[in-house]
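Here are some exercises to work through with the model open beside you. Try each task first, then check the steps underneath.

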Amino acid sequence: MSVEDWYRVDRLPHIFCAGCGNGTIINCTLEAVESLGWKIDETIFVSGIGCSSRAPGYISTDSLHTTHGRALPFATGVKMAKPNFNVVVFTGDGDLSAIGGNHFIHACRRNIDITVICMNNQIYGMTGGQGSPCTPKGALSTTTPYGMDENPFDLCELATAAGANYVARWTSYHVKELNQAITFGLQKPGLSFIEVLVQCPTNYGRRNKLRDVQSMISAMKDHALLKEKRDRLLAEGKPIPDGMFVVGTLTDRNRPALGVKQ
Ligand code: SF4
């Protein structure tokens with residue numbers, strides 16, 4: 001087996017725009033499942049609706065491409081019916097934290113033994129660039145033409161507060177770290193939540209002075225603050241620089257979990 005065997009090549013070419021970050025996340029995930037020796041017929045990918053949620057359609061396992069925001073209830077059902085199967089959810093920031101927000105907190109509360117990978121492009125990409133609950137303050141979208149005025153969700157803090165066993169954040173720039181985080185999360189009993197900031201040049205970048213892919217990737221690289229460095233700054237009583245977001249392993253604990261392999 002190789003990572004290519006996990007792809008449904010008959011479904012290619014994919015629908016993602018040129019320069020979209022979603023492909024990087026899919027590849028990191030499939031490299032992780034392959035490295036763990038997971039079997040195609042014992043693994044299920046589940047998604048809701050949005051650009052990210054097209055991912056399972058390109059993977060050769062059984063998959064469920066469900067309704068908007070509902071990937072987690074479907075994944076919970078699959079895991080409870082088949083606890084010995086590996087269940088992985090691909091979702092986006094709108095799918096997970098707007099229409100699917102309630103499912104997200106309850107899946108974390110239950111600490112169901114699945115891995116949730118959120119491709120956070122900070123906007124509704126598939127439907128043309130509307131603001132999502134993760135659109136940063138001041139950012140432009142079709143529904144925030146004068147700049148987003150609301151505070152965005154911190155999905156990782158939400159997952160931690162609600163009860164997930166493992167929570168990490170990386171970006172599509174941090175390929176090696178992301179691969180390691182996904183590999184760890186896939187093996188961790190309970191709910192593993194991995195948020196990945198991804199570039200969406202088509203709908204986020206072109207409205208927010210980040211028109212080309214390189215600018216978007218550089219912005220993610222330049223604004224990522226390692227958790228260890230953040231902790232050091234806080235311990236020294238120094239301020240966190242404006243516009244930075246924290247990356248790394250944010251939570252790793254062993255709360256009782258639901259649907260763990262027997
Ligand atoms: Fe990727 Fe954005 Fe295009 Fe969707 S709209 S495929 S997130 S670049």
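The exercises below go through pockets, ring pairs, the ligand shell and a few backbone oddities in this predicted model.

**Exercise 1. The largest pocket**

Task: find out which residues lie closest to the centre of the largest pocket, and which helices and strands build its lining.

Solution:
- Step 1. Start with the volume: the largest pocket comes to about 800 Å³.
- Step 2. Go to the middle. The lining has 32 residues, and Gln-122, Leu-197, Gly-243, Met-244 and Phe-245 are the ones closest to the centre.
- Step 3. Look at the elements around it. At least two lining residues each come from helix 5 (155-162), strand 6 (192-197), helix 7 (213-223), helix 8 (227-235) and strand 8 (245-252).
- Step 4. Sort the lining by class: you get 19 nonpolar, six polar and seven charged residues.

**Exercise 2. A backbone check on two residues**

Task: work out what the phi angles of Gln-122 and Lys-209 look like, and say whether each residue is buried or exposed or partly exposed.

Solution:
- Step 1. Take Gln-122, one of the residues closest to the pocket centre. Its phi is near 65 degrees, which is positive in a residue other than glycine.
- Step 2. Place Gln-122 on the chain: it is in the loop between strand 4 (115-120) and helix 5. Its relative accessible area is 21%, and buried needs under 20%, so Gln-122 is partly exposed.
- Step 3. Move to Lys-209. Here too phi is positive, about 55 degrees, and the residue is not a glycine.
- Step 4. Lys-209 belongs to the loop between strand 6 and helix 7. With a relative accessible area of 81%, Lys-209 is exposed.

While you're on the backbone, have a look at the peptide bond from Leu-12 to Pro-13: it is cis, with omega near 5 degrees. Pro-13 is in the segment before helix 1.

**Exercise 3. Two ring pairs**

Task: classify the Phe-45 and Phe-90 pair and the Tyr-166 and Phe-184 pair, and say which parts of the chain each one ties together.

Solution:
- Step 1. Count first: searching the whole structure turns up four aromatic pairs. For Phe-45 and Phe-90, the ring centres are 5.5 Å apart and the planes are 15 degrees apart, making the pair stacked.
- Step 2. Trace those two rings. Phe-45 sits in strand 1 (residues 43-47) and Phe-90 in strand 3 (residues 86-92), so this pair ties together parts 45 residues apart in sequence.
- Step 3. Check accessibility. Phe-45 is at 0% and counts as buried; Phe-90, also at 0%, counts as buried.
- Step 4. Now the other pair. The rings of Tyr-166 and Phe-184 have centres 5.0 Å apart with planes at 50 degrees, so the pair is tilted.
- Step 5. Tyr-166 is in strand 5 (residues 166-171) and Phe-184 in helix 6 (residues 175-187), so the parts tied together are 18 residues apart in sequence.
- Step 6. Tyr-166 is buried at 2% relative accessible area, whereas Phe-184, at 35%, counts as partly exposed.

**Exercise 4. The ligand shell**

Task: list the residues that surround the ligand and sort them by class.

Solution:
- Step 1. Read off the shell: Phe-16, Cys-17, Cys-20, Cys-51, Asn-121, Gly-125, Cys-200, Pro-201, Thr-202 and Asn-203 surround the ligand.
- Step 2. Sort them: six are nonpolar, four polar and none charged.

**Exercise 5. The cavity**

Task: say what lines the largest cavity, and which elements contribute two or more residues.

Solution:
- Step 1. There is one cavity of 30 Å³ or more, and the largest has a volume of about 40 Å³.
- Step 2. Its lining is made of Gly-69, Ala-71, Leu-72, Thr-91, Asp-95, Leu-96, Gly-100 and His-103.
- Step 3. Helix 2 (71-81) and helix 3 (93-99) are the elements giving two or more residues.
- Step 4. By class, the cavity lining has three nonpolar, four polar and one charged.

**Exercise 6. The annotated stretch**

Task: find which residues the domain annotation covers, and how much helix and strand they hold.

Solution:
- Step 1. An unreviewed UniProt entry carries the annotation "domain: Thiamine pyrophosphate enzyme TPP-binding" for residues 49-196.
- Step 2. Over residues 49-196 the chain is 33% helix and 19% strand, and the end C-alpha atoms lie 17 Å apart.

Technical notes:
Residues numbered from 1 in each chain as written. Predicted model: local features only at pLDDT ≥ 70, side-chain atom pairs only at ≥ 80, totals over all residues. Heavy atoms only, no water. 1 Å grid on protein atoms, 1.4 Å probe; cavity = no way out; pocket = protein on both sides within 12 Å on 5 of 7 lines; lining within 4 Å. Points joined across faces, edges and corners; volume = space filled by probe spheres on them. Helix = DSSP H or I, 4+ residues; strand = E, 2+ residues; numbered from the N terminus. Nonpolar A, V, L, I, M, F, W, Y, C, P; charged D, E, K, R; others polar. UniProt positions renumbered as here; feature names shortened; annotations may be inferred. Phe/Tyr/Trp six-rings, centres within 6.5 Å; stacked < 30°, edge-to-face > 60°. Buried < 20%, exposed > 50% of the residue type's maximum accessible area, 1.4 Å probe, protein only. Near = heavy atom within 4 Å.
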